[in-house]
Amino acid sequence: MQLPDLRAGLAALSSRYRARSLCIAVPFVTPASDNLAVMTLFTEHKDLIGLPVVEEGRPFGMINRHIFLSQMTRPFFRELYDRKSCIAFMDKHPLVIDADTPLDQVAQQVVASGDKSVTDGFILTEAGNYIGIGLGIDLIRTVSDLQAQQHQQILQSIDYARVIQDAMLEHSTQQMALQLDDWCLHWQPRDGVGGDYYAFHQDEQGWLALIADCTGHGIPGAFMTVIVQSALENALQQNRRSPSELLQALNRHIKQTLGQLNASQQTSHSNDGCDAIALRLDTQQHQLRWASARMHALLQPATEAAETLAADRTGVGYTDTPLDYVWTEHQRTLIQGDMLLVMTDGVTDQPGGERQIMFGKKRIQALMSHYQTLPMSELSLAFQQDFLHWQGNQPRRDDVTWFGFRY
């Protein structure tokens, strides 16, 4: 573990971990002690790296074992220095740390003092009085153990958050299965939980779907999906069911919740939001209406090439999105066999392939045309295999979601 890693690892530790836990009681000498006494102590204590020098209970300096022995083994140095004060080979400015100092601050001081505090150790005091030393190796070992514990706690928290997020999305998944004959849904967070969100609601005329890609991934992204779900439920309760109205309602709710109403990117502590598409299908009139905020969606007509659905270039909720922004609503008549596929940018922007470039919209369009005769569930599986092959050994860049249906 390098020193910067040590500092970063400790920054997140709780203040209840103190320097006292690293304290080792070791022998010490005083400024009146001669170098022969130092040599005797180093000979008796083979594992003693640094020997504190203490005067009237207060830290005075530190003698490094290797420096001392290398000097004292030089010709005639024993004859010259054996009976002289030990301060001749003493570090006059050792790192001194109070025993009640939190470990994160200990790490900061160790980093600031340089490598010698890791190799030689540092002096620990209580109310200014010497009580022992701390070793750099023990500090690193303690950090590693605490990081392992924290990592396990984080994993457990993510697992529980995944249960909550799955439960939040489960109703929509069930509704899709009940209302759609030929459909697919692939939802895969990058970090167990994530910022991709989907919702599906049935009504008398047909159904409504929302696919959103919220800022971030992991726990922060999942938190944003909770805000989006709350915004959607409020909008539906107010009977706002047109795609454009839904995006407007989401925009206002996010800005209000995150304090972005009158903020700019320079003044706001948050610039969060989502890309989203709201779909409204009237199954009686065979009409698809949609409003899209930077979300990629493809329509594959039964007898024509796939085409991209129109989308506004303005995101939802961000500080630069006006509070009263109105997303353009589009409409199209569907015929039997028409196929729609919506995907988040975790799909389009994933690097891979021989040239390590993005998966891209044109590649998705070509694959959609290639697999258009397959049932949607099989199309989704084939698409996933192509996507994973493209990704190869590249790390996953973002959460990945796609939703599709055949009319």
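Student: Is the crossing of helices α8 and α9 left-handed or right-handed?
Tutor: Good place to start! This is a predicted model, and in it α8 covers residues 218-237 while α9 covers residues 243-257. The crossing of these two helices is right-handed.

Student: And are α8 and α9 perpendicular or oblique to each other?
Tutor: Let's look at the angle. The two axes come within 9 Å and cross at roughly 130°. Angles of 65 to 115 degrees count as roughly perpendicular and those over 145 as roughly antiparallel, and 130° fits neither class. The two helices are therefore oblique.

Student: Which residues of α9 make the contact with α8?
Tutor: Both helices contribute side by side in the list. From α8 come Met-224, Ile-227, Val-228, Ser-230, Ala-231, Leu-232, Asn-234, Ala-235 and Leu-236. Their partners in α9 are Leu-246, Ala-249, Leu-250, His-253, Ile-254 and Thr-257.

Student: How many residues of that contact are nonpolar?
Tutor: Sort them by class. No residue of the contact is charged, and four are polar. The number of nonpolar residues is eleven.

Student: How wide is the arc that the buried residues of α5 cover around the axis?
Tutor: First find them: in α5, residues 103-113, the buried ones are Leu-103, Asp-104, Val-106, Ala-107, Val-110 and Val-111. In an α-helix, residues three or four places apart point the same way, because there are 3.6 residues a turn. The buried residues of α5 lie on the same side of the helix, since their arc is only 155°.

Student: Which residue follows α5?
Tutor: Look for a positive phi, near 95°, just after the helix. The residue is Gly-114.

Student: Asn-239 has a positive phi; is Asn-239 buried or exposed?
Tutor: Nice catch, as most residues other than glycine have a negative phi. Phi of Asn-239 is near 65°, and the residue lies in the loop between α8 and α9. Over 50% relative accessible area counts as exposed. With 56%, Asn-239 is exposed.

Student: What is the relative accessible area of Arg-294?
Tutor: Arg-294 also has a positive phi, about 60°, although it is not a glycine. Arg-294 sits in the loop between β10 and β11. It counts as partly exposed, with a relative accessible area of 40%.

Student: How far apart are the C-alpha atoms of Gln-287 and Gln-237?
Tutor: Gln-287 belongs to strand β10 and is buried at 17% relative accessibility. Leaving out residues up to four places away in sequence, Gln-287 touches several residues, including Arg-280 and Thr-333. Gln-237 is 50 residues away along the chain, and the C-alpha separation is 23 Å.

Conventions. Residues are numbered from 1 along each chain as its sequence is written. This is a predicted model: local features need pLDDT of at least 70, side-chain atom pairs count only at pLDDT 80 or more; totals for chains, interfaces and linings use all residues. Side-chain values use heavy atoms; hydrogens and water are left out. Axes are lines fitted to C-alpha atoms, for helices over the stretch in contact, and angles run from 0 to 180 degrees between N-to-C directions. Helices (H or I, at least four residues) and strands (E, at least two) are DSSP runs, numbered from the N terminus. Angles under 35 degrees count as roughly parallel, over 145 as roughly antiparallel, 65 to 115 as roughly perpendicular and the rest as oblique. A crossing is left-handed if the near helix is turned anticlockwise from the far one by less than a right angle, and right-handed if clockwise. Contact means heavy atoms within 4.5 Å. Ala, Val, Leu, Ile, Met, Phe, Trp, Tyr, Cys and Pro count as nonpolar, Asp, Glu, Lys and Arg as charged, and the others, Gly among them, as polar. Buried means under 20% relative accessible area, exposed over 50%, partly exposed in between (1.4 Å probe, protein chains only). The arc is that of the directions from the helix axis to the C-beta atoms.
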